[in-house]
Amino acid sequence: MSKTFTADALRRQMAAVLGAAGSSAEEARQVADNLVMANLSGHDSHGVGMIPRYVESKLEGGLQPNTSAKVTLDAGSMLALDGQHGYGQVVGVQAMEMAMARAAQTGSCIMALAHAHHLGRIGHFAEMAVGRGLVAIHFVNVLSRPVVAPWGGADGRFGTNPCCIGVPLKGREPFVLDFATSRVAQGKMRVAHNEGRQVPPGYLIDQHGRATTDPGVVVVPQSNGLLGALMPFGEHKGYGLAVACELLGGALSGGGTWHRAPDARREVLNGMTTILIDPQRLGTAASFEQEALGFIDWLRQSPTAEGFDALRVAGEPEREARAQREREGIAIDDTTWDEIVSAAKKLGVALPAAG
Ligand code: NAD
C-alpha cells in the first residue's frame with residue numbers, strides 16, 4: 001500500500017519537519033526540495049524516506065543544521081572545503097557554486113569536500129554543472145556503515161560509494177551518469193524491505209557471507225547481531241571503482257576512509273572529490289560539440305534489443321520519471337510514510353497517517 005502526494009504537498013510537509021528539526025526556513029526548503037527532486041527523478045532511495053535517518057542523526061548530535069561549508073584551501077584551480085557535518089544538500093551546493101565560479105575563471109577546478117552530511121543524489125551536483133556548460137566528474141565515499149563487500153570478500157568493508165559523470169551536449173539534454181558502485185543503492189534495499197519484496201539473485205550476501213535475495217539482511221541486524229552486505233556492481237571492475245571512490249572521495253578529499261568496526265550511529269557522512277572542466281577553454285570545444293553529438297546520434301541508431309522498450313542514454317530515465325511523477329504524483333509506500341510520521345511526531349509535527 002502507498003500514499004500518493006503532489007510534489008508541492010510533499011515539499012511543504014517535509015520542510016515543516018526539517019524546520020522542527022532545527023533548520024532555518026531557507027535550509028528546510030532547500031533540503032526538502034532536493035529530497036523531493038530525488039523522488040521525482042525516480043530515486044526514492046534518496047528522497048523523503050531519508051528524513052527519519054536525518055532526524056535521528058540530528059538528535060544524536062551528528063547532523064548539524066544551519067551549518068555552512070568552510071573553505072580550508074583556496075589556491076587557483078584547487079579548492080578544499082569542510083562540510084562540518086552540515087546538510088549535504090546545502091554544503092554540497094555551496095561547494096559546487098564556488099567550484100563552478102572558479103572553473104568559469106580558470107577553465108577547470110578540482111574541488112575537495114570533506115565531512116558533508118549525506119549529499120543525497122550526486123547527479124544533482126552534476127546537473128548544476130552541466131547547466132552551466134561544464135563537464136563534471138564526482139568521486140564520493142560514504143562513512144556510515146561498511147555495507148558493501150569487496151570482490152572476493154565475504155563481509156561489508158566500505159559504503160555504496162557513488163560515482164557521477166555529467167557531460168553537456170550542445171542543444172540537447174545532457175548525459176548524466178550517476179550510480180552507486182554497489183550492485184544497487186542501499187536505500188533501494190530499505191524500500192524493497194519496506195515493501196516486503198525479495199530482490200534478484202546476485203545483489204546480496206547474508207551475515208554469514210552466503211548469497212541471498214532477502215533485502216532485510218542489510219536493513220535489520222540478523223540473528224547473530226550482524227548485517228549482510230551488498231555486492232559491488234560489475235564484479236572486479238565495479239569493485240575497483242568503489243575503491244577508487246574511497247581513495248579519491250574519502251582519502252584525497254580529507255574526509256577520511258572507512259577502517260573501523262561498524263557502530264550504531266545514524267550519521268551518514270560523504271566525502272567528495274569533484275573535477276570540473278570548461279570545454280570552451282580546453283581548445284577542443286568545436287570538436288567536442290560535434291563529436292559528442294555525432295556519437296550520441298550514432299548510438300541511438302542501434303536497433304532496440306529484445307526485452308527493451310527503448311535505448312536510453314544516462315540522464316534520460318530520471319527526466320522521464322520527473323515528467324511522469326510531476327503529472328501523476330509521488331507514491332510513498334506505507335512503511336516509509338509511517339517512519340516519516342513517527343520522526344515528525346518526535347519533533348512535535350503531526351502528519352496525516354498512512355492508508
Ligand atoms: P541506478 O542503478 O538507477 O543507475 C542510475 C544511472 O543509470 C543514471 O545515470 C541513469 O540515468 C542510468 N540509467 C538507468 N537506466 C538506464 C538505461 N536503461 N539506459 C541508460 N542509462 C540508464 O542508480 P543507483 O546506483 O541505484 O543510484 C541511485 C542514486 O543514489 C544516485 O543518484 C546516487 O548518486 C545516489 N547515491 C548516493 C549516495 C550517497 O551517499 N550520497 C550513495 C549511493 C548512491
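How many bridges join strand β2 to strand β3? The legends below start with that hairpin and then visit other parts of this predicted model.

**View 1. The hairpin of β2 and β3.** Strand β2 (residues 70-75) and strand β3 (residues 78-82) run antiparallel and are joined by five bridges. To get your bearings, find valine 71, whose bridge partner in β3 is leucine 81. Two residues lie between the strands of this hairpin. One residue to look for in the turn is glycine 76, which has a positive phi of about 60 degrees.

**View 2. The surroundings of the ligand.** Here we look at the 22 residues around the ligand, of which Asp178, Ala180, Lys188, Gly315 and Glu318 come nearest. Sorted by type, the shell holds ten nonpolar, seven polar and five charged residues. Strand β7 (175-180) and helix α9 (316-328) each supply at least two residues of this shell. The largest share, five residues, comes from β7.

**View 3. Polar atoms beside the ligand.** This close-up picks out three residues by their distances to ligand atoms. Glutamate 318 places a polar side-chain atom 2.6 Å from an oxygen atom of the ligand. For glycine 315 the backbone takes part, with a polar atom 2.7 Å from a ligand oxygen atom. Histidine 46 has a polar side-chain atom 3.0 Å from a nitrogen atom of the ligand. Taken alone, the ligand exposes 860 Å², and the protein buries 80% of that.

**View 4. Phenylalanine 175 in strand β7.** Phenylalanine 175 is found in β7, the strand that gives the shell around the ligand its largest share of residues. Is phenylalanine 175 buried or exposed? Neither word quite fits: at 23% relative accessibility, phenylalanine 175 counts as partly exposed, because buried means under 20% and exposed over 50%. Follow the chain and you will find valine 313 at 138 residues from phenylalanine 175 in sequence, yet the two C-alpha atoms are 6.8 Å apart in space. Beyond residues up to four places away in sequence, phenylalanine 175 touches Ile165, Gly166, Val167, Leu169, Val313 and Ala314.

**View 5. Histidine 117 in strand β4.** Histidine 117 lies in β4 (residues 108-117). With a relative accessible area of 0%, histidine 117 is buried. Leaving aside neighbours within four places in sequence, its contacts include Tyr54, Ser57 and Leu63. Also in contact with histidine 117 are His85, Gly86, Tyr87 and Gly88, together with Glu267, Val268 and Leu269.

**View 6. Serine 144 in a loop.** Look for serine 144 in the loop between β5 (135-143) and β6 (162-167). Although it sits in a loop, serine 144 is buried, with a relative accessible area of 13%. Not counting residues up to four places away in sequence, serine 144 touches Arg53, Trp258, Glu267 and Val268. Glu267 and Val268 also appear among the contacts of histidine 117.

**View 7. Helix α3 and its cover.** Helix α3 (residues 51-60) has the buried residues Ile51, Pro52, Arg53, Tyr54, Val55 and Ser57. Their cover includes α1 (7-20), α2 (25-40), α4 (88-106), β4 and α10. Just after α3 comes glycine 61, with a positive phi of about 95 degrees.

**View 8. Helix α6 and its neighbours.** In helix α6 (residues 186-194), the buried residues are Gly187, Met189, Arg190, Val191, Ala192 and Asn194. These buried residues pack against β8 (204-205), β10 (229-230), β12 (330-333) and α10 (334-346). Glycine 196 follows α6 and has a positive phi, near 70 degrees.

**View 9. The open sheet of β9, β8 and β10.** Three strands in the order β9-β8-β10 form an open sheet with antiparallel pairing. The edges belong to β9 (211-212) and β10, each with a single partner strand, so one side of each is left without a neighbour in the sheet. Two bridges pair β8 with β9, and isoleucine 205 stands opposite alanine 211 in β9.

**View 10. Strand β1 alongside β12.** Strand β1 (residues 2-5) has a covered face, Lys3 and Phe5, and an uncovered one, Ser2 and Thr4. Four bridges pair β1 with β12 in the antiparallel sense. Among the residues to find here is threonine 4, whose bridge partner in β12 is alanine 331.

Note on methods:
Residues numbered from 1 in each chain as written. Heavy atoms only, no water. Buried < 20%, exposed > 50% of the residue type's maximum accessible area, 1.4 Å probe, protein only. Contact = heavy atoms within 4.5 Å. Pairing = 2+ DSSP bridges. Near = heavy atom within 4 Å. Polar contact = N/O pair within 3.5 Å; in protein donor to acceptor, adjacent residues only side chain to side chain. Areas by Shrake-Rupley, 256 points an atom, 1.4 Å probe, with all protein chains shown as cover. Nonpolar A, V, L, I, M, F, W, Y, C, P; charged D, E, K, R; others polar.
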